[in-house]
Amino acid sequence: MSARILVVDDVPANTKLLEARLSAEYFDVLIASNGVEALEIAERAECDIILLDIMMPDMDGFEVCRRLKANPATHFIPVLMVTALDSPVDRVRGLEVGADDFLTKPVCDVVLIARVRSLTRLKMMTDELRMRALSSREIGAQAPERSAVADTGKGGRVLLVDDLETNPAEALFRAADGDYDLLIVSLDLDNFDGLRLCSQARSLERTRHVPILAVADPEHNMRLLRGLEIGVNDYLLRPVDKNELLARARTQIKKRRYADHLRDNVQNSIEAANTDALTGLHNRRYMEVHLATLAEQAASRGKPLALMMLDIDYFKSINDSYGHDAGDDVLREFAVRIRKSIRGIDLACRYGGEEFVIVMQETELTVAGVVAERLRRAIAGEPFAIHKGARRIEVTISIGLSTLERKSEAVGDVLKRADIALYRAKHDGRNRVVAQAA
């Protein structure tokens with residue numbers, strides 16, 4: 001696992017030392033000698049992780065980190081402060097301006113590399129989510145970076161796993177059921193391996209993305225490094241400083257919320273790509289992909305597959321007489337009535353304009369005819385409300401039916417026969433159902 005590491009330090013000897021350590025582990029290393037240069041490199045998205053010194057002229061590391069985290073374009077880049085400052089006040093200040101960790105010089109090589117690798121894994125996961133979420137911005141979803149910048153990390157739900165607070169054996173079940181934003185796990189539990197609890201949390205789907213903050217005694221440094229390898233996000237050494245605990249907890253909660261926003265955007269973009277925005281039914285693209293799959297399944301199992309093509313009669317006159325907003329009202333209500341008239345396993349799609357397609361699995365032509373007639377009556381039997389209920393108009397539909405007749409038959413032929421049947425229904429006077437056999 002490699003990454004591009006930006007080392008920011010005004011002392012050349014320090015940068016050369018860090019460059020040698022990181023290069024030996026096959027990381028690509030960039031160098032910046034001041035804060036302004038570091039901000040420019042980060043803005044150009046040329047680095048994955050930043051190792052940042054605090055004591056620099058003109059702009060110290062605290063200000064550099066604050067600016068990085070305040071900028072939506074660089075907010076997601078992990079920052080690891082590497083400095084000679086070691087007081088709790090300095091650590092808390094670094095965490096509060098957005099640093100992901102705070103390592104004191106001289107830094108142990110093993111600790112440095114373990115932390116960089118841990119942050120690299122998290123960065124790669126976030127980058128993948130960000131790339132997948134790009135399409136959601138094209139459909140109007142709000143980018144989550146701005147909300148992440150404004151997030152304080154407060155108000156999160158935290159589960160503390162400690163001998164004094166909860167039964168470790170039951171903690172995993174509580175974590176899975178409780179929708180927690182953070183797990184704080186003591187690695188010094190009596191009669192229980194805290195690392196195993198962390199590993200189990202990472203293996204379960206419902207807790208896989210919940211950040212873990214480990215707490216351990218200083219002499220258990222190697223256990224902490226092992227924890228980073230199995231997915232612990234951050235750690236604290238005893239005695240625990242209250243302010244540092246709060247700062248690290250808020251940092252992890254903010255990261256969790258940001259990642260959740262990204263996943264939501266990805267899911268929303270997937271749904272938007274397959275759904276008609278006006279009616280909420282599947283769109284033509286989704287139907288064409290899944291119709292072929294359903295036809296293959298029906299043919300291989302020897303089961304019938306019925307296809308229903310529907311068209312709203314005289315829809316253009318509705319738009320011309322009452323306006324396009326009235327037409328939209330009709331389309332939305334039409335989709336509602338379709339859902340009420342078919343089974344959950346049936347596939348209902350808006351094919352285009354006022355034309356719709358319903359695919360019915362394991363359905364003979366005669367049964368499909370009964371369903372189509374029921375739907376036709378549901379449409380014609382009750383007027384449609386338009387203009388927010390101010391007026392009601394009569395609406396009818398014409399329906400064409402066909403079924404998959406032979407295993408070797410192309411699904412396009414089935415669709416074409418339904419279209420021919422629909423044309424006949426319209427030609428014969430509309431507001432009727434016509435079936436087209438092979």
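How many bridges join strand 15 to strand 16, and in which sense do the two strands run? In this predicted model, three bridges join strand 15 to strand 16 (residues 433–435), and the two strands run parallel. Within this pairing, G400 stands opposite V434 of strand 16. On the antiparallel side, strand 15 is paired with strand 10 (residues 305–312) over seven bridges. Two of the positions that face each other there are I312 with I397 of strand 15 and M308 with L401 of strand 15.

These strands belong to an open sheet of five strands, ordered 11-12-10-15-16, in which the pairing is mixed. The edges are formed by strand 11 (347–352) and strand 16, each of which pairs on one side only. On average, and with direction ignored, neighbouring strands of this sheet are turned by 20 degrees against each other. Helix 11 (residues 284–301) packs on the sheet and touches strand 10, strand 11 and strand 12 (355–361). The direction of helix 11 makes about 135 degrees with that of strand 11.

Strand 15 (residues 397–403) is mostly covered, with seven of its seven residues buried. The side chains of a regular strand alternate between the two faces of the sheet. In strand 15 both faces are covered: I397, I399, L401 and T403 are buried on one side, and S398, G400 and S402 are buried on the other. Thus I397, which stands opposite I312, and L401, which stands opposite M308, are both among the buried residues of one face. G400, the residue opposite V434, is buried on the other face.

A comparable description applies to strand 4 (residues 79–83). Five of the five residues of strand 4 are buried, so this strand is largely enclosed by the rest of the structure. Its two faces are both covered, with V79, M81 and T83 buried on one side and L80 and V82 buried on the other. Strand 4 is joined in parallel to strand 3 (residues 49–52) by three bridges, and M81 of strand 4 is the bridge partner of L52. The chain passes from strand 3 through helix 3 (residues 61–70) to strand 4 in a right-handed β-α-β crossover.

Four bridges join strand 4 to strand 5 (residues 101–104), and this pair also runs parallel. Here the bridge partner of V82 is L103 in strand 5. M81, the partner of L52, and V82, the partner of L103, are buried on opposite sides of strand 4. A right-handed β-α-β unit is made by strand 4, helix 4 (residues 88–96) and strand 5. In helix 4, the buried residues are D90, R91, V92, G94 and L95. Just after helix 4, G98 takes a positive phi of about 115 degrees.

Another open sheet consists of four strands in the order 6-7-8-9, with parallel pairing. Its edge strands are strand 6 (158–161) and strand 9 (234–237), each pairing on one side only. Neighbouring strands in this sheet are turned by 15 degrees against each other on average, direction ignored. Strand 8 (residues 212–216) and strand 9 run parallel and are joined by four bridges; D234 in strand 9 is the bridge partner of L213. Helix 8 (residues 194–203) lies across strand 6, strand 7 (182–186) and strand 8, and runs at about 155 degrees to strand 7.

A helix–helix contact is formed by helix 12 (residues 315–322) and helix 13 (residues 324–341), which pack at an angle of about 135 degrees with their axes 6 Å apart. Helix 12 is therefore oblique to helix 13. The contact involves F315, I318, N319 and Y322 of helix 12, together with H324, D325, A326, G327, V330 and L331 of helix 13. By class, the residues of this contact are six nonpolar, three polar and one charged. An α-helix has 3.6 residues a turn, so residues three or four places apart point the same way. Among the contact residues, F315, I318 and Y322 lie on helix 12, and A326 and V330 lie on helix 13.

Key: Residues numbered from 1 in each chain as written. Predicted model: local features only at pLDDT ≥ 70, side-chain atom pairs only at ≥ 80, totals over all residues. Heavy atoms only, no water. Axes fitted to C-alpha atoms, helices over the stretch in contact; angles between N-to-C directions. Parallel < 35°, antiparallel > 145°, perpendicular 65-115°, else oblique. Contact = heavy atoms within 4.5 Å. Nonpolar A, V, L, I, M, F, W, Y, C, P; charged D, E, K, R; others polar. Pairing = 2+ DSSP bridges. Buried < 20%, exposed > 50% of the residue type's maximum accessible area, 1.4 Å probe, protein only. Right-handed = clockwise from strand over helix to strand, strands pointing away.
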